[in-house]
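Let us question the labels used for this structure. Each one should follow from a value and a cut-off.

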Amino acid sequence: MIGQPEVEKELLSRLERKPVRYGEKVVSILETETGVTVATDLGRAVRGKYAIAADGARSTVRSVLNISFTGTKPEMVWMVLDTFIDTDFPVCSEIITFQLNGQSRVSWIPRERGMARFYVLLEGETTQERAENSIREHLAPYRVDFVKTEWFSTFDVRERIASTFVSNQGAGRIILAGDAAHVHSVNGGQGLNTGIADAFALSWRVITAIKCKQLAPGAVLDLIRSYDTERRQVAQGVIDVAARLVRDTVHTAKQYVATIEKNAGYITGKEASSLCVIARF
Ligand SMILES: Cc1cc2nc3c(=O)[nH]c(=O)nc-3n(C[C@H](O)[C@H](O)[C@H](O)COP(=O)(O)OP(=O)(O)OC[C@H]3O[C@@H](n4cnc5c(N)ncnc54)[C@H](O)[C@@H]3O)c2cc1C
């Protein structure tokens with residue numbers, strides 16, 4: 001399992017000689033037939049042939065362009081902990097989903113440095129203490145001591161997709177990628193992975209559109225528009241599978257795992273032995 005900060009560090013190291021600016025927000029974006037101008041809160045204007053809006057789930061660019069971002073929202077607030085535990089539980093290097101009282105509300109994902117990530121779903125108050133107690137309950141009769149918790153947070157689930165990934169109803173020069181274009185539950189571990197696949201699908205198209213002078217204008221349009229066609233289908237598939245999975249957490253672990261087995265192509269790191277289920281009925 002490679003954590004997102006490691007992936008981001010690696011990607012950034014490849015951008016060393018490119019101008020990456022921090023602490024400067026995009027506030028508006030203007031598109032013409034030949035290019036795009038982005039204005040920032042520091043008063044700078046940046047002009048390019050295309051602009052890729054990878055500005056996250058609350059995308060400013062998507063809002064400025066009035067592109068709708070609709071979908072569903074199950075009423076679930078999850079807790080997440082990155083923690084070091086001391087336990088006599090037989091630790092393994094796989095993701096484990098624990099079942100208690102016929103539901104699968106705790107998952108354990110082994111991380112780097114021997115750290116454990118736990119996802120916990122509870123009704124009512126979301127506190128670290130309640131999350132830790134729930135983990136203890138799910139791992140019983142094994143003992144669990146929380147040695148050092150590096151991160152505790154909560155998040156709710158949103159399943160949304162932008163009405164178009166390319167401005168001007170697919171004929172434009174501003175292109176949404178990553179969470180700006182699609183969001184879903186974390187189950188399946190596909191968020192960043194889908195965003196990186198968006199970047200791959202976009203990079204060769206944009207380079208071809210800019211550098212291949214012999215391409216007819218219609219062909220350039222079709223090429224950029226095909227990004228929407230290709231990635232929308234994938235994003236919708238990811239959203240649907242993650243939606244099924246997150247709802248399966250209030251059912252048996254057998255059902256949860258069956259959904260994973262049926263949709264392995266949408267699950268990060270899924271291989272024959274990559275999931276254990278601990279079920280106490
Ligand atoms: C608890 C949790 C667990 C997850 N686990 C996984 C996992 O196991 N596998 C996986 O693949 N994904 C996972 N994800 C999802 C993953 O984190 C996201 O899908 C990913 O970070 C999206 O990347 P992004 O670059 O599209 O958006 P973001 O990471 O949101 O980045 C957007 C960037 O744009 C910047 N920005 C925003 N507005 C502006 C503006 N106006 N001007 C300039 N900059 C702006 C922000 O500061 C930010 O740096 C998880 C998410 C959560 C919350």
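Q: What makes the pair of Val 26 and the ligand a polar contact?
A: This is a predicted model. In it, a polar backbone atom of Val 26 sits 2.8 Å from a nitrogen atom of the ligand. The cut-off is 3.5 Å between N or O atoms, so the pair counts as a polar contact.

Q: Which atoms of Asp 179 and Leu 192 lie 2.8 Å from an oxygen atom of the ligand?
A: For Asp 179 it is a polar side-chain atom. For Leu 192 it is a polar backbone atom.

Q: How much of the ligand's accessible area does the protein cover?
A: The ligand has 1000 Å² on its own, and the protein covers 60% of that.

Q: How many residues surround the ligand, and which are the closest?
A: There are 19. The closest are Gln 4, Val 26, Asp 179, Leu 192 and Asn 193. By class, the shell holds six nonpolar, eight polar and five charged residues. Helix H4 (191–211) and strand S9 (116–121) each supply at least two of the shell residues. H4 gives the most, with three.

Q: Why is the ligand said to lie between domain 1 and domain 2?
A: Domain 1 (23–70 + 159–246) gives residues to the shell, and domain 2 (77–156 + 251–280) does too, so the ligand lies between them.

Q: How many aromatic pairs are there?
A: The count is seven.

Q: Why is the pair of Phe 89 and Tyr 142 called edge-to-face?
A: The centres are 5.1 Å apart, and the planes meet at 75°. Pairing needs centres within 6.5 Å, and edge-to-face needs over 60 degrees, so the label holds. The two residues are 53 apart in the chain. Phe 89 is in the loop between strands S6 and S7, Tyr 142 in the loop between helix H3 and strand S10.

Q: Why is Phe 89 called buried, but Tyr 142 partly exposed?
A: Phe 89 has a relative accessible area of 7%, which is under 20%, so it is buried. Tyr 142 is at 37%, between 20% and 50%, so it is partly exposed.

Q: What makes Tyr 119 and Phe 155 an edge-to-face pair?
A: Their ring centres are 6.1 Å apart, within 6.5 Å, and the planes stand at 90°, over 60, so the pair is edge-to-face. Tyr 119 is in strand S9 and Phe 155 in strand S10, 36 residues apart.

Q: Buried or partly exposed: how are Tyr 119 and Phe 155 classed?
A: Tyr 119 is at 13%, under 20%, so it is buried. Phe 155 is at 21%, so it counts as partly exposed.

Terms used:
Residues numbered from 1 in each chain as written. Predicted model: local features only at pLDDT ≥ 70, side-chain atom pairs only at ≥ 80, totals over all residues. Heavy atoms only, no water. Near = heavy atom within 4 Å. Polar contact = N/O pair within 3.5 Å; in protein donor to acceptor, adjacent residues only side chain to side chain. Areas by Shrake-Rupley, 256 points an atom, 1.4 Å probe, with all protein chains shown as cover. Helix = DSSP H or I, 4+ residues; strand = E, 2+ residues; numbered from the N terminus. Nonpolar A, V, L, I, M, F, W, Y, C, P; charged D, E, K, R; others polar. Domains from an automatic or database assignment. Phe/Tyr/Trp six-rings, centres within 6.5 Å; stacked < 30°, edge-to-face > 60°. Buried < 20%, exposed > 50% of the residue type's maximum accessible area, 1.4 Å probe, protein only.
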